[in-house]
Amino acid sequence: MTDQVRLFDATYRRFQLGARQQVRLDTYGHDLGQNSWLTVDEWRSMLGWLGLAPGSRVLDVACGSGGPARWLARTTGAEVVGVDSNRHAIQTAGEAARQEGLDTLARFQQADAARPLPFDDGAFDAVVCIDSINHLPDRPAMLRDWHRLLAPGGWALFTDPIVVTGLLSSQEIAVRASIGYFVFALRGEDERLVREAGFRLVRCQDTTANVALVARRWHDARARYRAELLEDEGEETFTGIQRFLATVRELAEQRRLSRYTFLARKEAP
């Protein structure tokens, strides 16, 4: 079992642990149930670009525990399907959707987003992937699959939180990638791959400031609930996550690793 699987299993299996709920609230201000660099204000702005409405069909790739997907369904009335490879995440997401009365709009299924996804061509009006594209190995193939899944005129929205924009030491790279598999992209590579997959790039926005802000708040909130988290995670995992968050903050503040948000469109033939 990899460090990434252990971390995400622990996070999603005991997602309602009081300390974790409070850490999310202290970190994000509004707890969507996210496990990324996404805030509710940013999510609201992003969804505004997509023009979603009741009847819209959305695929959330690497949806985690499904909080942002459920918020999307609740606020826009769109139908959303979330996929993730972690079974604990999918179980958490599905149970939360049922409890919130959203199970007719938001459904979740376990699937490996690194492979072609089991949906028909043109099945969705939008594909979203927040702070997860960097965990998937074959980005060109994945973007081509998203293009296949979208109806003509559909939108692809994703964030890449580890774009290389400065000098990095081998130690910094090791810590930044310590929780699992990562693909680091050079500045400009995402834009090239989006176009090669057949999309028209509509927007590329620097959202690095969100990473620095969230990493600082996340680190400090975890420190405040150290005792309860230690009991659940153990000393090694707790210390490793704190080191990870401190490194993320430093690299983002110094703009040596940056986060960009991309919006691309599948043009009608």
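Angles between helix axes under 35 degrees count as roughly parallel, over 145 as roughly antiparallel, 65 to 115 as roughly perpendicular, and the rest as oblique. Axes are lines fitted to C-alpha atoms, for helices over the stretch in contact, and angles run from 0 to 180 degrees between N-to-C directions. Helices (H or I, at least four residues) and strands (E, at least two) are DSSP runs, numbered from the N terminus. The model is predicted: local features need pLDDT of at least 70, side-chain atom pairs count only at pLDDT 80 or more, and totals for chains, interfaces and linings use all residues. Residues are numbered from 1 along each chain as its sequence is written, and side-chain values use heavy atoms, with hydrogens and water left out.

Helix H3 (residues 40-50) crosses helix H4 (residues 67-76) at roughly 55 degrees, and their axes come within 11 Å. H3 and H4 are therefore oblique to each other. The crossing of H3 past H4 is right-handed (the near helix is turned clockwise from the far one by less than a right angle; anticlockwise would be left-handed). Val40, Trp43, Arg44 and Leu47 of H3 contact Pro68, Trp71 and Leu72 of H4 (contact: heavy atoms within 4.5 Å).

Buried residues have under 20% relative accessible area, exposed ones over 50%, and partly exposed ones lie in between (1.4 Å probe, protein chains only). In H3, Val40, Glu42, Trp43, Met46, Leu47, Trp49 and Leu50 are buried. Their cover includes H4, E4, E5, strand E7 (200-206), helix H9 (208-224) and E8. Gly51, just after H3, adopts a positive phi of about 60 degrees.

A second helix pair is H6 and H8. Their axes lie 9 Å apart, at an angle of about 45 degrees. H6 and H8 are therefore oblique to each other. H6 passes H8 in a right-handed crossing. Arg139, Pro140 and Leu143 of H6 meet Asp190, Leu193 and Val194 of H8.

A nonpolar core is a set of buried Ala, Val, Leu, Ile, Met, Phe, Trp, Tyr and Cys residues joined through side-chain atoms within 4.5 Å. The largest has 29 residues; Leu59, Val61, Leu117, Phe119, Trp146, Phe158 and Phe199 have the most contacts inside it. Elements giving two or more residues to this core include strand E1 (57-61), helix H6 (139-149), strand E5 (150-164) and helix H8 (189-196). Leaving aside residues up to four places away in sequence, Phe199 touches nine positions' worth of neighbours, named here in part: among them are Leu143, Trp146, Val194 and Ala264. A second, separate core of 28 residues includes Met46, Ala78, Phe108 and Val128.
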